[in-house]
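Here are my notes for you to read alongside the picture. Keep the structure open and find each spot as you go.

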Amino acid sequence: MAPLALGYATFGSDSGHVGNSATADFALNEAAIAASRGSNFGYQHIKKTCDTAFALIRLRYARAVAKSYFAGGSTGGREGMTAVERFPQDYDGVIANAPAINFSGVRLQGVKIGQAAYGSGGNGGGAGYIDPARQRLILKTAVDACDADDGALDRIVANVEACRTRQASILATLACRSGTDEGDGCLSAAQLRTVRAIADDLVLPYTLAYGVDRHQGYNILQGADFSTGLGLGNSPTLLDPPTVAANGYLYTQGDGYLKYFIARNPDLDTLAFDLDRPGAYQQRLVDMSATVGAMNPDLAAFMARGGKLIVLHGLADEVISPNATIAYYKAQVAKSGQAAVDAFWRFYTVPGLGHGDGAFIPSWDAIGALDAWVSTGTAPGTLTGTDTAAATAGRTRPLCQYPAYPRYKGTGSIDVAANYACALP
């Protein structure tokens, strides 16, 4: 049930700007993004909207807000994490789905992918582009290799870590013997370099904000589907400007980020941009990563005020890498200890879930779980997700706390959550 129907007063924002999200040209308005001017898109819209909404609620109901919760996904998930980091006193609880924590890293990896697919450097001027048929071949090959690792043949890779150990053999299976383009039944050496640009971490020889020097790669070889509308695109020709449908979400958004957020030059050639040696743009990259990212590892104020955080991320996310969220979570555990993190944070990773799409798209009672934790101290454990994917709607799976995954017990319907146990990889 929607929060409004449950009696909550609800509010939202436009993330601090109006503009063309396909090109990110709103960033030409420096007030929208610059920290020195309060960065509406980066973080100030969160505070401004919250304070205004709370004032209106007091006027309407003649009393202050009793409990306040933030919920968002993708950029909204980043905003939730930003609220935890920058405005810890504003929200009693936060739900962050697929949070774009390392916003700059996502965009820079997108540029790396575009350069592999369409650039001339080593790939022969577009020879690295992967057409839709081979995008589907990658998915099929990975799922064929790893589907059974969780005990259920359901075309979902649940034990992603076990699948990761098969990555070399999956790549070998995909490779054309000659190394050249032999048609849709295999990938050329140039196309495999594009796969690696997606799967491997983007590692920078300099640090962004908070000492971050990388963006963790995607699970394209562990069941993430890059043939979706937010995947790799359907055109071997690079459009000007690139579009999501033709040239893929990650490169299109990375292209816009460099042009409008960083260089503020719509004519910048992002295929020729040197990610390792950005020259005069390096400081701008560092500054912007602090402004529009949510990478600050210091969550002490939110912890101290008793705030509660629930984060959920699909392991098959093709837009925001779950591995970046996992890295941030693991860093928190290393910094504060598992017990301290468990006192305020629950982290769920979902096999088969992409960026709002995928083989398993769970509906789950996020608000109920958060409210019970905040209001009564009942911390959520394993939750239940009900699939909303059209072909498999209604089946259920346990939503396991990281690092566990749902493993089929061996008896009963594979479509019933009770027949699974959360197991460690």
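The points below walk through a few backbone details and one pair of strands.

1. Before anything else, keep in mind that this is a predicted model. Everything below describes that model.

2. Start with the strands. β1 and β2 run parallel to each other, and the pairing covers 5 bridges. To get from β1 to β2 the chain passes through α3, and this β-α-β crossover is right-handed. If you want one pair to click on, try F70, whose bridge partner in β2 is V94. While you are there, recall that side chains in a regular strand alternate between the two faces of the sheet.

3. Now look at what comes ahead of β1. S68 sits in the loop that links α2 (40-61) to β1. Is S68 buried or exposed? S68 counts as buried because its relative accessibility is 7%, and the cut-off for buried is under 20%. Which residues does S68 touch, leaving aside those up to four places away in sequence? The answer is F54, D90, Y91, D92 and G93.

4. Next, go to the other end of β1. S74 lies in the loop between β1 (69-73) and α3 (75-86). Check its backbone: S74 is not a glycine, yet its phi is positive, about 65 degrees. S74 also counts as buried, because its relative accessibility is 18% and the limit is under 20%.

5. There is a similar story to look at after β2. A98 is in the loop between β2 (93-97) and α4 (103-118). A98 has a positive phi of about 45 degrees, and A98 isn't a glycine either. With a relative accessibility of 11%, A98 counts as buried.

6. Where are the cis peptide bonds I'd like you to find? One of them joins D240 and P241, with omega at about 0 degrees. P241 belongs to the loop between β4 (214-215) and α9 (244-247).

7. Another cis peptide bond runs from Y402 to P403, and here omega is near 10 degrees. Look for P403 in the loop between β9 (396-399) and β10 (405-408).

8. A quick recap for your own notes: S74 and A98 are the positive-phi spots to check, while D240 to P241 and Y402 to P403 are the cis bonds to check.

Terms used
Residues numbered from 1 in each chain as written. Predicted model: local features only at pLDDT ≥ 70, side-chain atom pairs only at ≥ 80, totals over all residues. Heavy atoms only, no water. Helix = DSSP H or I, 4+ residues; strand = E, 2+ residues; numbered from the N terminus. Buried < 20%, exposed > 50% of the residue type's maximum accessible area, 1.4 Å probe, protein only. Contact = heavy atoms within 4.5 Å. Pairing = 2+ DSSP bridges. Right-handed = clockwise from strand over helix to strand, strands pointing away.
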